[in-house]
Every structure is written in C-alpha cells, then in structure tokens.
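The exercises below are meant to be worked through with the sequence and the 3D structure at hand. Please attempt each task before reading its solution.

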Amino acid sequence: MVFSKVNSDLKPYGGRSASYHLAAKPLTVIVAISCVLFMMVVSNVSASNKPVCKRSDDLSFYFNQAGQDWESETLPIGNGAMGASVLGGVSVETIQFSEKTLWTGGPGSKQGYDFGIASHSESYPERIKAVQKRLKQETKLTPELVANKLGRASSGYGSYQSFANIQLEFSHNPAQISAYKRSLNIKNAIAAVEYDYQHTHFKREYFVSYPDQVIAVKLSSDKAKQIDVSLDLDIANNRTVHKTIKRLPHSLNRDVVLMTASGKLLDNQLAYSTNMAVIAAGGAVSMTTQKISVSGADSVWLVVSAGTDYALNYPSYRGKLEQEKLIQRVSDAVDLGYEQLKKRHIDDYQSLFNRVALTLNHCLPQQPIDQLLAHYKANTLLAKERRALEALYYQFGRYLLIASSRKGSLPANLQGVWNNYEQAPWNSDYHININLQMNYWLADATNLSELNTPLFDFIDALIAPGELSAKRIFSVDGWVLFLNTNIWGFSGLIDWPTAFWQPEGAAWIALHYYDHYLYNQDPLFLKQRAYPVLKKATQFWLNTLSFDDSKGTYMVSPSYSPEHGDFSVGAAMSQQIVSKLLASTLAAAKSLNDQTMVSDITAVLAKLDTGLKVGSWGQLQEWQQDWDDKLSQHRHVSHLFALHPGNTISPLFTPALAKAAKTTLLARGDQGTGWSKAWKINFWARLFDGDHAHQLLQEQLNGSTLKNLWGNHPPFQIDGNLGATAGITEMLLQSQNQEIHVLPALPSDWPMGSITGLKARGNITVSFKWANHQLTHLELSSAYSQAVVIRAAALNGKTEVLTRDGKTVNARFEQGVLQFEALKAESYQLKL
C-alpha cells in the first residue's frame, strides 16, 4: 500500500513520460524513497512490538507474575481425587491441595445427621396431599408458603474441605527477580514457574499423577548447588494434627525424608493422612520437628499422597484409613524417579486428552492470560487471536473434567476437585437441578466416556437413601432426590424456599445413564447399570403422578420451575423431564424385554402432559398457565429442557416449538450466571443459530470467566467451563435425533477449521474439516456394524462414501440426509 501511494504521486506532467518526470525531479524521488524506507522501518518496529503468535496447537497459557487470589489467579492441576493450586510465590510458595473425600458433616457429625430423610412421625405424605389440594383450588402457591409446609431444616450436611498447604520457603527476594512466568500446559497437564534471580534461572514443575496417585513438584536451576528451600505441610485448625518427620530408607540409596501429617476432623472424626517425601540431588537435607530443610542442592523434588477413611458405602460412609498404602504410594513414586513418574503421568493424561483436537485457523499471541482476556473483552485482538482463545477455552473444559473426574474418585462437584475453603460456597456439593448434569454433558461427546464412571458410582450409592426418601416423603416405591446432595448420601429436603423442591432431579440424572448407553452401545451397561436406575426412577413417577380428570392427563404436583415463580401443577420442566424419563425407560425395557414395565409405562405415557405449550406472545410456556413475563430475564430457562439436553424440540422436526423456544431465549436475553450462559450456548446450537451461540460464548469469556479461565457464577463454579465446552461441541456436531449432523451451528467468525475425534451417539467417531463455512472433509468410524445417517449442508446426491482402502460404499441420499451401512471398526471418508 505504501508503494502504491508513492507511485500515484509520480504521475507524468502534460503527457510527458514517467522517466522524464523522474529525471526532472530527482529530489522528489529521493524524498519519496526516504519516506518509504522510513515507513518500512516503522512498520518493522511495530511488527516487532506485536506479541508473537504461538503455534495453533499450543495449548498453554501463563501469567507474568505470582498469583495473590486463589479463585481467579491459581493454576489448577488434578487427577480426579486430588486437586492442587499453583500460585507461584517467589519467597513463599503455597501449593494448596484438596482431596474429594475430606468433608465435614455426615455420619458422626457433632451437629447430628439424618441424610435429610424425614421420620414417619413427620407425616410427609399427608403434607404433600394437603399442598396438592390447595394447588388444585388456588392454581399457584408462593415458594415461602410451600417451604413452610414441606421444607425441612438440615443439620450436619457438611462442606468440602481444603486438605493442606504444601509450604515452600526460599531466600529469594521478589523485588530482585526478572523474567517471571507461571504457566499451565493443558497438552500435558503440567504447571510451571520460571524466573531469573542473581544470574541463575530457577524452574518449578508441578503435576498430579493419576496412575501413581501423587502430587509431584520439582525444583531446579541452570546452575549447580543453587536450591535452598524449607518445606512443610500446613494443616487447618478444624482437625487434630499429628506430624512426624523421618528418613525413609530406599533401595536406590536416595536421601529421602518423609513428613506425615494425620489426624481427625473435629466435626465428624473423619480420619485423614497426608505424606510428603522430599528427595534432594546433592546438597544437605536436615529436619526439625516441624520442617524439612534443603541447602545447596542441584535439584529437589517431592511427592505427596493424601486420603481419608471415607468410603462410598451407605449408611456408614466409613472404611479404613490405609496409611501404609498412602506411604507406599510416595515410596513407589520415589523408586520410579521423577522423569519416569512424569512420563507415566503424561502418557496417561494424553491417552484421554489427545482424542480430540480443534483448530479454528487460529493463532494464540504470546500474552499473559489476564491481558489476553482483557484484549478479548475490549475487542482489540485480531480475529485469529480471538479464535485462538476460544479454542483454548474449549480444550480447557476437557482438561478440567479429566483433572476432576477419574475412576476411583467422586464425581466433579461445583468446583470440580479444587477447594480452598473450610466452608465452601454452596458447600462445593452436588446440585442436581442443572449443575451436576452440566458437568458431564461433554464427557461422551468429546470422547471422554470413561470420565462418567465416578458419576455413575456416586449415583448408584444414592439409590438406597433415595428409596428411603421416596417411602418417607411420598409413601411410594422407587427412588428420588431433590435439589442437592453431598458425599454422605443426602437425599431429602432443605428449607430454602426457591431452591428446595426438585424431585425431578433423580429422573434427570438417571437420563445420563441412558444417554451414555446411546453413545457407547454397551448392552451390559444398559442391563446391569442403566436400567436398574432408570426403572426405579420411573417407578417413583408412575406412583406419584396426579391425574387431572378435567384434562385427562397425568401431571406433576406439586411442581416448581427452578428458582423462578410460584409453585403450580405441571410446570414445563417437570413434565418434560418425566416425559423424557418414561420414554427412555420404555425404550430400554423393550430392548431388555421387560414386558411389565413396557405395559405400565405405555399406559401412562400416552396420557402424560408433555409440558410443551406455546403462549400468547409466541413463547414456550414455563407453566401450564400463560404466566410468562416477557420482561423477565431470569437466569434459569429450565422450560427449554426439551430443546437441550432433551431432544423433543428440533428446528427440523418440530419447527413451531423451536420457534417458540427461540422467542423465549430472545426474551430472556444473553445475560446470566456462568452456567446459565453455558446452557444458552447449547440452546442456540440446538436451534442451529451458530452466531447467537458464539455470541453467548463471547459473553461467557467477557463477563463470566476469571483471569485463570475458571468459570464465574460468581463465585467460581466449574459448570460454566464444562457446559461451554459441551455447547461448542454442539455447534460443530449433533447426534441426538438418530442422525449425525455435521456443522449444524457454525458461526460466521469460524470460517475455517477442523476437529478430530468427536463421538456421536452410536459409538461413531467423527472427524472433519471446513473452509469458507463449508464442509470439505469428513471421516468416521463405527465401533459396531450399523446404519449411519449423516446430515450436512454440503451433502447431496453426488456425495460418495469410500472405505479406508478407497472402495465405494452403497449410499442413499434423500430428504437432506445420506445413509449407508457401516461395518464394525471400518473407517469411511465422504468424497465431497
């Protein structure tokens, strides 16, 4: 552009040639060339000042300073059971960590604990009948009135606890360091801190190993004998503490010192223990009764194990504190050596994480993450840089679920696995009116199906107390949960008026079992795990639904749309969830030839109100009555359950209902809490509106994301992260309607990209690319022989299906979809 401007100024005079003009005006030429050179220099200087772009597959982010605020500045690492937080202090490093089973409350609590289950003397079945009678007479009742009748004060509920702080003290003066960098690489799940101090480069590395069940930290420098550090385990004062320090003999003749801190929580006498082994290369290691000190070492590394005597076993929830096993973990880790320990960690983690790769023709600039987020919010990033942050955020959600949900641990709670509090926000428990469900939406779709195991183990253990609640509160068979639960089998009611009554919670969480089956097609899982949970949840509703003689329909009563409005009969969400549960259980019963359940469900399902009504201003009604306020922007949009995660509403198959859902979403607006925005990403994706889904993703990053990329309710809740990743997946691939829909909601801002390794229902792995907003390449493989139906705008009657060795497969294209018979374990490519 510069040269064009100069040349345009050198036009010949009066028809004279350009050469005559140049010859006649040598000074002009010199000045012009000088200006060009100057502008090129300025341009180069500006380019050199512009942040360097990382590779498109670089999945790391960093701060250029130590963190001060745990919630917004920590770098989280975890292995499902344990979560550690890296703030990277220079003179004092506090590595706070948690272990999911360390909770106050529950059996043995000083406050008393009854699982939230009412006694016979509380006469709950009669109370519920009285509320149902008033609802029939008055149509609606205030939450306060119903809570006064049905709410129940809980005691001994408890809270997730911080386990301990690993304290590292150095003699480094923070004012004299330079080149500080604190980073998290989600490609290998390793955090690091680096800086220069007195002409020496220091580095710390941190990870939490799943295969070896330890936290590992290594301290090193680029010069010998520079590591001086004292180490301690700092334990909260709400428990007893017995601390020991001793040398640990090892066959490899390493100088290993072991610190153990153990005791019991004061509230419930839950026993705990944590063990830290410190290994120094060179230097001197000394001990006092409270600390371990290392001086003049070339490097130091440490491993930490932790556990309690908790057991996921109703009603005692106690097992044995296996102290010898915890010590053996650190001993085995020391025997492996740091590099082998690290390799095992990376291999295990990447076996999950590397299944899916997303590129958006993006480029992540070399900027600290807090600055990058600020530039994103100010809209001062290049388009490819904005896409880079969005791609990173997508994979960060997968990283967080891997770090907070692995086999053998409890499921991801409101904060995943991380917690810095003695009394956590909302106890860091499990809310089952949206939050726990949202945590796991991404698991199957992003090819992380194994991560569901802690969820299913946890829910299985809630069946027994849930059956007791069904008996005591409703006097029926089946099982039920309400709004929230903890690790102690809480299955009853609380007394918060706008958030205590949600008996559909058990039905909703049971649907995760069936969806997992649809994704993976494992008949043993359906028979042995999914169906028993679905059947008991269905039995509860078959026994509690009310029949409205005037309408000839079955209704849920009492019913409450989460945290919004009054109690009524048959709120939309209640009816939609129960409808979906019965339909799913019916399909499973048919598959397993349970004819009694087939008959029972069929009779009720035929007369069950679906909760799908269009109101006076074109909205999907939240209640049976047309009460919706057009000006309400309440964060819960629960009456769109049938759109997502349900599949009853679809622009393809129920366009009128989809239009009503869109009207509702437009009225509610794009604001809300972090999890609310995440759910709306999924809603808009299901409506095939990629631009609006992307707008919600931007809202999530702009207003509901902390500096360390954690989701913000506020306060920090992990469901916003995990729900947003699920939503992005829905923008790219959907499979809820017995067909694979590729690029159903691609936003304008993502004109080019690719994704590999997504999983569609039917256990079909899908990878594809697009350019100019059009699908250009599609590959898939099926774990089973089955008919495959694919929908994509780029498909037509000329589309060919080829096997991996290039053979053409018979395929049929009609009504916008392509269908062919896939063979087990065969790979297919569509020639577009």
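**Exercise 1.** Which elements each supply at least two residues of the lining of the second largest pocket?

*Solution.* Bear in mind that this is a predicted model. Begin with the space itself, since the second largest pocket holds about 550 Å³. Next, turn to its lining, which is made of 26 residues, with Glu99, Thr101, Tyr310, Arg329 and Gly408 lying nearest the centre. The elements that each supply at least two lining residues are β16 (299-308) and α7 (323-336). Finally, sorting the lining by character gives nine nonpolar, eight polar and nine charged residues.

**Exercise 2.** Determine which element gives the most to the lining of the largest pocket.

*Solution.* The largest pocket has a volume of about 1100 Å³, and among its 48 lining residues Asp515, Leu518, Asn647, Gln736 and Arg761 are the closest to the centre. Several elements each contribute at least two residues to this lining, including α12 (441-445), α16 (572-591) and β27 (786-791). The greatest share comes from α14, which provides eight residues. By character, the lining of the largest pocket consists of 22 nonpolar, 19 polar and seven charged residues.

**Exercise 3.** Work out how the axes of α10 and α20 are arranged where they cross.

*Solution.* The axes of α10 (residues 383-404) and α20 (residues 690-703) approach within 12 Å and cross at roughly 80°. An angle of 65 to 115 degrees counts as roughly perpendicular, and the two helices, α10 and α20, are therefore roughly perpendicular to each other. At their contact, Arg386, Glu390 and Tyr393 of α10 meet His694, Leu697, Gln698, Gln700 and Leu701 of α20, a set that divides into three nonpolar, three polar and two charged residues.

Terms used. Residues are numbered from 1 along each chain as its sequence is written. This is a predicted model: local features need pLDDT of at least 70, side-chain atom pairs count only at pLDDT 80 or more; totals for chains, interfaces and linings use all residues. Side-chain values use heavy atoms; hydrogens and water are left out. Axes are lines fitted to C-alpha atoms, for helices over the stretch in contact, and angles run from 0 to 180 degrees between N-to-C directions. Helices (H or I, at least four residues) and strands (E, at least two) are DSSP runs, numbered from the N terminus. Angles under 35 degrees count as roughly parallel, over 145 as roughly antiparallel, 65 to 115 as roughly perpendicular and the rest as oblique. Contact means heavy atoms within 4.5 Å. Ala, Val, Leu, Ile, Met, Phe, Trp, Tyr, Cys and Pro count as nonpolar, Asp, Glu, Lys and Arg as charged, and the others, Gly among them, as polar. On a 1 Å grid over the protein atoms alone, a cavity is a set of points where a 1.4 Å probe fits but cannot get out, and a pocket is an open set with protein on both sides within 12 Å along at least five of seven lines; lining residues have an atom within 4 Å of a point. Grid points are joined across faces, edges and corners, and a volume is the space filled by probe spheres set on the points.
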